[in-house]
Each structure stands twice: as structure tokens, then as C-alpha cells.
Amino acid sequence: MENKIDRKLAGLKSSGTHGLMAHIVVGYPDLARSERLLDTLADSGADLIELQVPFSDPLADGPTIMTANLKALEAGVRVADVFRFAEKAAGRLSGVPLLFMSYLNIPFNYGMEAFCRDSAAAGICGLIVPDIPPEETAEGYRGHCLDHGLHPVYILSPSSTEQRVRLIASLAGGFIYCTAMVGITGARDKQQAGLQDFISRVRAHTGLPLALGFGISSREHVLRAAGLAEVSVIGSKVIDLYNQGASEEDSLGRVSGFLRSLRGSAP
Amino acid sequence: MKKYTLDSFSTGGHFGPYGGMYAPEMLVPALQELEAAYLEARADKGFQQEFEDLLRTYSGRPTPLYLGENFSRRLGGARVYFKQEGLGQTGSHKINNVLGQALLARRMGKKRLIAETGAGQHGLATATAAARFGFECEIFMGEVDMMRQRPNVFWMEQLGATVTPVPYGTRTLKDAVNESFKNWIENLEDTHLLVGSALSAHPYPTIVRDFQCVIGHEVRSQMMQAEGRLPDVLVACVGGGSNSLGMFYPFLGDEQVEMIGVEAAGLGIGTGRHSARFQGGRLGVIEGYKSYFLQDEDGQTLGTHSVAAGLDYPGIGPEHAWLHDLGRVKYTGATDSETLEAMKLLMRTEGLIPALESAHAVAEAVRRAPAMRPDQLMVVNLSGRGDKDIFIVAEALGDRAWMEFLRSKVEAADHGE
């Protein structure tokens, strides 16, 4: 069966549209409100959405996303809740492919094959697990993804060597997540020099679409990313904006306005 | 004969099923660079010589192996020796690894050292080495640990380090480890992450172990000199596991030498308030390595407890996990109260003040020595001295005069303002 991510990315390509991938931490600030945030993102033009499974020790996340992880756990969110959440969301938002972003220890505890099977059954299209480097088999992660029709999305960073770019490009499914900088997640003003060169190095080894993430937090960043990659990833900025709202309605309005402004369709 | 050692550089950092390099992609090139630099340094006689010289002239090695005759007589069993790591520069074994890694960082052209710390001993050692070698230095420490180990925070700052409080999660060692990793990711160019225990992603567990092996090598030759034979039992506390591995590793091939690692049983295993990974933990992959972790059914790390900040951590070094499964090292636990009792006994019989971490090993000696014969030899690693624990111990023992002293100090300071 065709993966929805492929169909979405092919559609964006044929219409000449730069894609947006948004991100939420499932259960932040609680399950009901993160559901409404998810729907707002989908309504405001997100083409793909990452659902992060909250984890106690998110090694690659900056303060914004890490705090959201810890708050979701404090609110009592369990992995089983995340699967139920995903299944409902995939049913509602049939036009927006959903991915799970999770640190390895969650699927490792759940059972790697069971995690892949249940993700696919819930309607998830791909997995992003930042702490599985290609050298580690991680209980057959990649094979289980492929067996269940999930794209194993791998990450490359400007610090990745030529050899690693080649290796990871050969394993990746769906698209490759390129970090715009060597750093942790978080909204920033500065972007790394040499980005164009990094993207060219990746393109030399893959025909897959590229998503550019880490630190993308303004329309200007997205315009710049559009010249480099097929998709921009908006992560921490959404949570930052959400946190600034005086009420839930205000929070959702800020997020929606921001997302629309990225495509230039804002008032 | 079973094999208890392996070349982790040929297994991708795996010890059997444990260890590995489960790091985000942006860290992998830095870890590989560190691996290459270390292999080069390890083979360089000049590097090794400089390391040995520093240990001798700066840190005061070899540290003594001392026969505790009074302590042994009181327990009425084995002859108990104490390896006095607390007599080294900065008061614990941490300095061994720190000096080695500082030399390595200098060789790699790094300008800045960062480190995580729990009890503050590793942070103190790192701040000391940074001062000695002219590195910038930032130490990450959980807010809870800063509260309970204030003297070390004070000295780190006096040595010129920035101590950054970590307000996230359990606000202890685990969270400090996370923060130091993140800071490293943001500053790979000029910064060396100086991991303080035999854990984290490959190559750290092996590098730290190698630099700590000086403990075991010394014990071996000191024991041969004192008794003309190898010891029967080695005992050490196990947080992440560097002092224990440093002492055990050179003896792994000597099957007649029994080895005991002592975890922090906190308020008791049954209470759930402890840090004993082999008694309450399960397999997991967290903070870059696969090992036993205290975690819930979903894989979220659990809050840990120990009176000793340096043992208050949910994971254990991967080589320990492997040695545990092989049955080469036995792991037990000592509770907070057993530890305090053992500490008192050692102070009264020998005049030695062990760190609370090390006192866990002493507690195991108290349990085990009486059942041994007087011709049997035990070595307990006193990985650190206890000066830093004065506030915790005084509070735990309910020392009223000390509390009044603190109050008077605060009042005097208030009047001075």
C-alpha cells in the first residue's frame, strides 16, 4: 500500500508548494488540549505532523520541548494514551500524514515490532527516533518499520561526515530530516552557515525529499528553507507561541496565525 | 576459562548486549572523533607518561592501601584493607579520570570543559583540572544536588568554574547528565564533555574505565607487597560504576578474586525509594547507552533516592550490566541507615571519614567480613573522603550543636550585611 507521506510529498511537488511539518507533544498540556492544538495545526496548513511521545529524558530537545514532555508525563500521559490519541487523530485528519517522534527507550520497552505494528494500525505513517544511529540495529527497528509500511525517517546534521550521509541516505524512508544546525531543538534567530553546502552534500546521495528543521521560527526562515528543502519543520516555536496565550483560545489563535503567516496567507 | 574482558573498540562499544552509541546524529561525529583521538593517545607513550606523572606529582598517587586492624578485629573475620582514594587531590577517585580526559581534551585542541556532577566530586575534579590546564569550565548540577552539596559548589566556583543549576526533571544527576549532553551538542567545536562515570555513549565507558584502572593496578601490587598474594574479596560502591570498575578490572581474569559492587538501597528496596538498578531495574536505552535502568512500564525513568548524591542515579554503566549477567561481579545494596552506621564504625575504629558513597562499600564489609576467616583478605575501596558530607551527616545524626552553629553563622552573616 502506498504510504500517505509519499502521496503528500508528491502532491506538494506537483503543485510547486513548499511543505510544512508541524509538531506537538502528545498530552501537552493535557490530552484534550493537545488534541485541539493538533486540529488547529491541521486546519492552519500543516502538511505533515509529528506526534512526539512524551519521554522523561529527551536528549536532543531544548527547554521548550523538554518541559512539554515533562508536563505531559506529570499530567499522567501513558504510552497507551498516545496510541489511542494517534488512532483518533488519524481518523479525523485523513489528509495529514502523522508520524511518531519518540526516543528509543519507549519502543524498546513496548517491544520494537509491537510498537511498529501498533503504530501502523493506529494510522501512523512514519517514525522518527533520534537516538538510533544507523550503526545500531535497535532490535530490528528499520526492518520492522518497513514490514509494517512505516517510513523510518532518519536525521542528518551539518556535522555528519560524507560517509555517514551516504550510509543514512541508503537507509532512509519517506524523506530525510536535515537539521539546519548542530544543536538541540529550539526557536532561534541565528541559522548555521554552510547550510547550502550541507544540503548539496545530502542531495548528492539521495533522491528523497528533504525536510529542514531545528530553529525554524519565522516566515523569513521558511522562505530561506524553501530554497533548500521540500519541507520546513516547525517545532518549538509552536509550543512557545502556545505558551504565550492568555487562554486556550488565545493560544490556538496565535499558533494558527503564525502557521498561516508562514505561507503568506495571513491577513 | 571464561572471558570477562573484551575490546569495546571492535564491538562498537557493546559489552555483550549492553552499551553502544545510542546518540543523536549530530553527536555521532564528535563521539567518533573522540574515539579516534583516544585510541591514538592510548598508544602514545608520551601521553601515558604525562598522565602517570600528573597522577604522581599533582594528585599524590599511589594512594595508600591501609590495613584496618581495629576495624577487622571489631568485626572478627577477614583482614580488611582500605584503598584510600579519598587522599588524592580533590578528595576522591574522580581526579584520575579527569586528569586523563583533560590531557585528551588538550590534545584535541579543545578550549572548554563541561561536566555533569551529582555529589559534586566529579565537578570539583573537573574544575580543578580546568584551572590547572587553563580550560574554560562549566559544570551542570541538579538543583537538588546543589542544595545538598553546597561546599563543593562553593569550591567549584572559587576554582573559576561556572556552576549551572539544572531545574528540570528530578533535578539530580540524571538531569545534569542530560543538560551537559545538550550543552555539548551546542558547542562541539571547542568543548570537551568530560563524562565522570563509566557510562554514557561509547567511547566514554571505556575511556573512563581505562583511566580509573590505576586503582586496581595499585591494589594488586600493594597487596602483593603486603601479603604476598592476591586479595580474596574486593568491595566498592556502584553509582555509575567508575571507582568499582577501576578497582575490579585488573582482577577480572583472576577467578579466585571475588568482587562485590554495592548499590544504594536508599530507604530499602521494598519502599521503592532507592537507586539499586540490579534489584529494581530493567533493560533500557537511555542517555546514550543500553543497560539496566530504574524505569516504569512505559520506559520513563523513575525518581531515585540515596543519602549519597553520587549514587542517586537510575542507570548503571554498561560494562557492569555485562559483568552482572556473566556472574563475575556480585551486586548487593546498602541502605541509608546501614551506610551511616558503617561510616560511624569506620570513623571510631580507624579515624577514617569516608564519603557517604564509599560508606556503602564499608557497610557491605560490615556484613561480609565476620563470616570470613582471619586469613582471608578483603579490600574496600574508599573512593572518596567524607568532608563534603558534613551537612548531610550532621543532619542525619541530628547533631544539635552543629545546627546551632549553622544558625549562628547565618545570623552573623545577616548582621554583616
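**Figure 1. The salt bridge between B:Arg148 and B:Asp312 in the predicted model.** In this predicted model, the side chains of B:Arg148 and B:Asp312 meet in a salt bridge, with a distance of 2.8 Å from N to O. Across the interface of domain 1 of chain B and domain 2 of chain B, the rule finds one salt bridge, and ten residue pairs, both at pLDDT 80 or more, are found there in polar contact. Helices H4 (94-107), H5 (121-133), H6 (143-148), H7 (150-158), H8 (173-186) and H9 (204-212) of chain B each supply at least two residues of the side of domain 1 that touches domain 2, and the largest share of that side, five residues, comes from H8(B).

**Figure 2. The interface between the two assigned domains of chain B.** The domain assignment of chain B gives domain 1 as residues 22-57 + 93-208 and domain 2 as residues 65-91 + 213-395. The centres of these domains, taken over C-alpha atoms, are separated by 23 Å, while 32 residues of domain 1 of chain B are in contact with 32 residues of domain 2 of chain B. About 2600 Å² is buried between the two domains, and carbon and sulfur atoms give 60% of this area. Of the area that domain 1 of chain B buries against domain 2 of chain B, B:Tyr22, B:His93 and B:Arg148 supply 26%, more than any other three residues.

**Figure 3. The surroundings of B:Ser242 in helix H11 of chain B.** Helix H11 of chain B spans residues 242-248 and includes B:Ser242, a residue that is buried because its relative accessible area of 3% falls under the 20% cut-off. The side chain of B:Ser242 is joined to that of B:His93 by a polar contact of 3.0 Å. Not counting residues up to four places away in sequence, B:Ser242 touches B:His93, B:Lys94, B:Gly196, B:Ser197, B:Ala198, B:Val208 and B:Gln212.

**Figure 4. The largest nonpolar core and a second, separate core.** Of the 199 residues in the largest nonpolar core, those that touch the most other members are A:Leu41, A:Ile49, A:Leu51, A:Phe100, A:Leu127 and A:Leu212. Domain 1 and domain 2 of chain B both give residues to this core, so the core lies between them. A second, separate core of 23 residues includes B:Ala78, B:Phe82, B:Val262 and B:Ala363.

**Figure 5. The contacts of A:Leu212.** When neighbours within four places in sequence are left aside, A:Leu212 is in contact with residues including A:Cys178, A:Thr179, A:Ala180, A:Leu195 and A:Ile199. Also among its contacts are A:Ala225, A:Leu228, A:Ala229, A:Val231, A:Ser232 and A:Val233.

Technical notes: Residues numbered from 1 in each chain as written. Chains lettered and ligands numbered in written order. Predicted model: local features only at pLDDT ≥ 70, side-chain atom pairs only at ≥ 80, totals over all residues. Heavy atoms only, no water. Helix = DSSP H or I, 4+ residues; strand = E, 2+ residues; numbered from the N terminus. Buried < 20%, exposed > 50% of the residue type's maximum accessible area, 1.4 Å probe, protein only. Polar contact = N/O pair within 3.5 Å; in protein donor to acceptor, adjacent residues only side chain to side chain. Contact = heavy atoms within 4.5 Å. Core = buried A, V, L, I, M, F, W, Y, C linked by side-chain atoms within 4.5 Å. Domains from an automatic or database assignment. Buried area = accessible area lost by both parts, 1.4 Å probe. Salt bridge = Lys/Arg side-chain N within 4 Å of Asp/Glu carboxyl O.
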